[in-house]
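Colleague: Before I rely on the labels attached to this model, I would like to hear how each of them is justified. Could you take me through the reasoning, value by value?

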Amino acid sequence: MSADPVGRETVRAAAARSRSPSRRGMRRFVLAAALAVAGCAVAPPDAERVQLPDIAKFSEHAPGATLPPGWQPWAFAGLKKPTEYQLVDDAGRTVVRAISHASASGLAYPIRVDTATFPYLHWHWKVQGLIDGADNARPQTEDSPARVIVAFDGDPATLPFGEKLFFQQFKLFTRTELPYATLMYIWAKRQPVGAVIPNAHTSRIKMVVAESGPDRTGGWHEVVRNVREDYRRAFGEEPPPIKSIAIMTDSDNTGESAHAYYGDITFLRSPAERRGP
């Protein structure tokens, strides 16, 4: 990040407040928002990033513990029990199975994407059931059985003062940097498809409901999202380049369990390019 625009003592005081009991909401957010940091935390230098249009496909690998090249596990460094991820066979196709028991962690894939060329994100997922106590509009119950997360590159120094201060608090607390902006596509329990759910602590993370409710649980479903339009709608600005994609199944806030499957994830020029599950 650039030089401290608010002064070292101000940042130290803010960090101290974030550790106090009155800032428990901040600590909960830091743990949850680390999901958005997954790509940033594991991303190699730009020269090593995989180029479009391919993200390493789960379906092209044998079932087992070994992940496709480029996909990297990301956990909360001892603060949260990790979710279990494994390549498994589902009706003759290799997919990722995620099992969460009061846990939270993800898999991230660093990649450089210009949404002006590849605006559409395409994937298949399956959720065995919803999380009974989850409500994504409430930080203390903000869990989801399935998430596909898109992190964007950019310069946090261009953000308003309050956001820059928060980014510095986050970095002091976690020793890593928050992405400039993050869209989390979630399977929600209560909110309708298409809803944009703000974060309680920063305007730079938004959840977009890609699926909702129990009616479609138990089966595979295709999702196509126009990331470029979703970003404009969520943030009111033109999207910068994408820096990573991630998946996550989490039930740490509610203490419940979740079981989901993820198929291949692909960026497309148009929905007509999509393939079957």
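Modeller: Let me begin with the term salt bridge, which here requires a side-chain nitrogen of Lys or Arg within 4 Å of a carboxyl oxygen of Asp or Glu. Please keep in mind throughout that this is a predicted model.

Colleague: What makes the contact between Arg233 and Asp230 a salt bridge?

Modeller: The side chains of Arg233 and Asp230 meet with N and O 3.2 Å apart, and because the cut-off is 4 Å between a side-chain nitrogen of Lys or Arg and a carboxyl oxygen of Asp or Glu, the pair qualifies. Both residues lie in helix α4, which covers residues 227-235, and they are three residues apart, about one turn of the helix.

Colleague: Which of the words buried, partly exposed and exposed applies to Asp230, and which to Arg233?

Modeller: Asp230 has a relative accessibility of 5%, and since buried means under 20%, Asp230 counts as buried. Arg233 has a relative accessible area of 45%, which lies between 20% and 50%, so Arg233 is called partly exposed.

Colleague: Which residues are linked in a network of salt bridges, and what is the count of salt bridges by this rule?

Modeller: The network links Arg228, Glu229, Arg232 and Glu238, and the count by this rule comes to 15 salt bridges.

Colleague: How do you know that the salt bridge of Arg112 and Asp153 links distant parts of the chain?

Modeller: The side chains of Arg112 and Asp153 meet at 2.8 Å, N to O. The two residues are 41 positions apart, with Arg112 in strand β4 (residues 104-113) and Asp153 in the loop between β6 (144-152) and α3. Arg112, at 34% relative accessible area, is partly exposed because that value falls between 20% and 50%, and Asp153, at 23%, is partly exposed by that rule as well.

Colleague: Where does Lys171 find its salt-bridge partner, and what is the distance?

Modeller: Lys171 forms a salt bridge with Glu177, the closest N and O atoms being 3.1 Å apart, and that value is within the 4 Å limit. Lys171 is partly exposed at 33% relative accessibility, and Glu177 is partly exposed with a relative accessible area of 29%.

Colleague: How do you know that the span of helix α3 is close to the expected one?

Modeller: Helix α3, residues 161-174, has 14 residues and reaches 20 Å from its first C-alpha to its last, and the span expected at 1.5 Å a residue is 20 Å. The buried residues of this helix include Leu165, Phe166, Phe167 and Phe170, and also the polar or charged Glu163, Lys164, Gln168 and Gln169. Just after α3, Arg175 takes a positive phi of about 65°.

Colleague: Why are the phi values of Ala91 and Ala102 worth pointing out?

Modeller: Most residues other than glycine have a negative phi. Ala91, which is not a glycine, has a positive phi of about 55°, and Ala102 has one near 50°. Ala91 lies in the loop between β2 (84-90) and β3, whereas Ala102 is found in the loop between β3 and β4. Ala91 counts as exposed because its relative accessibility of 80% is over 50%, while Ala102, with a relative accessible area of 32%, is partly exposed.

Colleague: What makes strand β12 "mostly covered", and which strands does β12 pair with?

Modeller: Ten of the twelve residues of β12 (257-268) are buried. Pairing requires at least two bridges, so β3 (residues 93-101), joined to β12 by six, meets the condition, as does β5 (residues 120-127), joined to β12 by seven. Both β3 and β5 run antiparallel to β12. Within these pairings, Ser100 stands opposite Ala258, and Val127 has Ala260 as its bridge partner.

Colleague: Which residues have the most contacts inside the largest nonpolar core?

Modeller: They are Trp71, Leu121, Tyr185, Ile245 and Tyr262, in a core of 60 residues. Strand β7 (residues 181-188) contributes the largest share of this core, seven residues.

Colleague: And what can you say about the protein as a whole?

Modeller: There are four helices and twelve strands, and 52% of the 277 residues count as buried. Among contacts with a separation of 6 or more, 76% come from residues 24 or more positions apart.

Technical notes. Residues are numbered from 1 along each chain as its sequence is written. This is a predicted model: local features need pLDDT of at least 70, side-chain atom pairs count only at pLDDT 80 or more; totals for chains, interfaces and linings use all residues. Side-chain values use heavy atoms; hydrogens and water are left out. Buried means under 20% relative accessible area, exposed over 50%, partly exposed in between (1.4 Å probe, protein chains only). Contact means heavy atoms within 4.5 Å. The expected span of a helix is 1.5 Å times one less than its number of residues. A nonpolar core is a set of buried Ala, Val, Leu, Ile, Met, Phe, Trp, Tyr and Cys residues joined through side-chain atoms within 4.5 Å.
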